[in-house]
Amino acid sequence: MTSDPLLITTTDALAAFCDRMAGAAFITVDTEFMREKTFWPQLCLVQVGGPSEACAIDPLADGIDLAPLFTLMRDQRTLKVFHAARQDLEIFYNLMGDFPQPLFDTQVAAMVCGFGDSVGYETLATKLAKAHIDKSMRFTDWARRPLTDKQIRYALSDVTHLRVVYEKLSRRLEKSSRAHWLNEEMALLTSVDNYRVDPDEAWRRLKTRTKTPRFLATVKELAAWREIEAQTRDIPRQRILRDEMLLEIAAHAPTTVDALERTRGFSKGQAEGKIGKAILDAVERGKSMPDAELPDPPERKELPQGIGPICDLLKVLLKMRCEENDVAQKLVASSDDLEQIALDDEADVLALKGWRREIFGKDAIDLKHGRLALALSKDGKHVEAVELVDEE
């Protein structure tokens, strides 16, 4: 194990570091994890940057207790700054049972500030911190010990330059009076529904050609069994049962070991063993599911005639308003949002709520109902929105 003072490997050292961070206006946070061989992400390193120091915390060190870190993550006095926080938040949610709060995601803030869709940390570090990020160790094995000095310093670069990135983005948000936009996004990002894995809903991830309710019932039971098995054993779903094999079993609905064994890629040993029995039980549950409980087939999206051109006009309006407001289109509305707005003025989409409605949603409804028109400027160089006067 390296003796680099930038790496924390004991509970006492972690507690002392967290005490020094307590009460800071903000800290920057990042994680390194592995997921190739597990269902849940395996946390391998946590990097935290404070006002005057940054350290990497080794959660795999013998005997270390991360409780002081979790206390710091819950401290409402200190803002936690992440970049592209979703996967980091999943890790903390699984370990803590809640989220680091309060939260600031520089990727989302950058989208609000006009840096484009899903801007990367390297881009922001270059543009705002004038720093060059060495990505030569991007695919390193973070679970392997000991960690080298190069690995540690590379990992810490993800939180040291983040300080400057945060400070500059924060000032831009305040100057543009858009801080409340980000607050709305952080509330969405920390919704528990984003991180709960419900086995009964696992079947919806699978792409099925057959849509009959009875077939989907068997898919649902098989997918739920696989999800529970993968979570319990902490191994990837595909190592329990590959998607294509799951769908083939559901299609043939075997009721005996011999029939299950005839599934392509399924061995006799598997069919006769514990997994084979569990699969046959799941198939039986699917076949015997009461008609009233059968899953509804996913609705086939067929837009009514004439809706396509309306969606195209809404796309032009979205692009125009986002350019005018210097905000990423992806953050304001998706293609699905535009389709729903084209179909329904009261569609339950984010684009018709909060700050999104202010810059786009209201105009989208006006465009639909002929109260707003789009036209080329006289010089033909840009599109303009023109309010139409009702002559009645």
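User: Which residues form a nonpolar patch on the surface?

Analyst: In this predicted model, local features need pLDDT of at least 70, side-chain atom pairs count only at pLDDT 80 or more, and totals for chains, interfaces and linings use all residues. Residues are numbered from 1 along each chain as its sequence is written, and side-chain values use heavy atoms, with hydrogens and water left out. A patch takes residues with over 30% relative accessible area and no salt bridge, joining like charges within 9 Å and nonpolar side chains (Val, Leu, Ile, Met, Phe, Trp, Tyr) within 5 Å. With about 240 Å² of accessible area together (Shrake-Rupley method, 1.4 Å probe, only the protein chains shown counting as cover), the patch consists of Val316, Leu376 and Val383.

User: Is Leu376 buried or exposed?

Analyst: Leu376 lies in strand β7, residues 372–376; strands (E, at least two residues) and helices (H or I, at least four) are DSSP runs numbered from the N terminus. Buried means under 20% relative accessible area, exposed over 50%, and partly exposed in between (1.4 Å probe, protein chains only). Because its relative accessibility is 60%, Leu376 counts as exposed.

User: How far apart do the C-alpha centres of domain 1 and domain 2 lie?

Analyst: The domain assignment, automatic or from a database, gives domain 1 (7–194), domain 2 (199–293) and domain 3 (307–387). Five residues of domain 1 are in contact (heavy atoms within 4.5 Å) with eight residues of domain 2. The C-alpha centres of domain 1 and domain 2 are separated by 38 Å.

User: Which residue forms a salt bridge with Arg214?

Analyst: A salt bridge is a side-chain nitrogen of Lys or Arg within 4 Å of a carboxyl oxygen of Asp or Glu. Arg214 is partly exposed at 28% relative accessible area, while its partner is exposed at 61%. The closest N and O atoms are 2.8 Å apart, and the partner of Arg214 is Asp291.

User: Which helix holds Glu221, the salt-bridge partner of Arg285?

Analyst: The side chains of Arg285 and Glu221 meet at 2.9 Å, N to O. Arg285 is partly exposed at 38%, whereas Glu221 is buried at 16%. The two are 64 residues apart, with Arg285 in helix α13 and Glu221 in helix α8.

User: How many residues apart in sequence are the parts tied together by Asp363 and Arg321?

Analyst: Asp363 and Arg321 form a salt bridge with closest N and O atoms 2.8 Å apart, and both residues are buried. Asp363 lies in helix α17 (residues 354–368) and Arg321 in helix α14, so the parts they tie together are separated in sequence by 42 residues.
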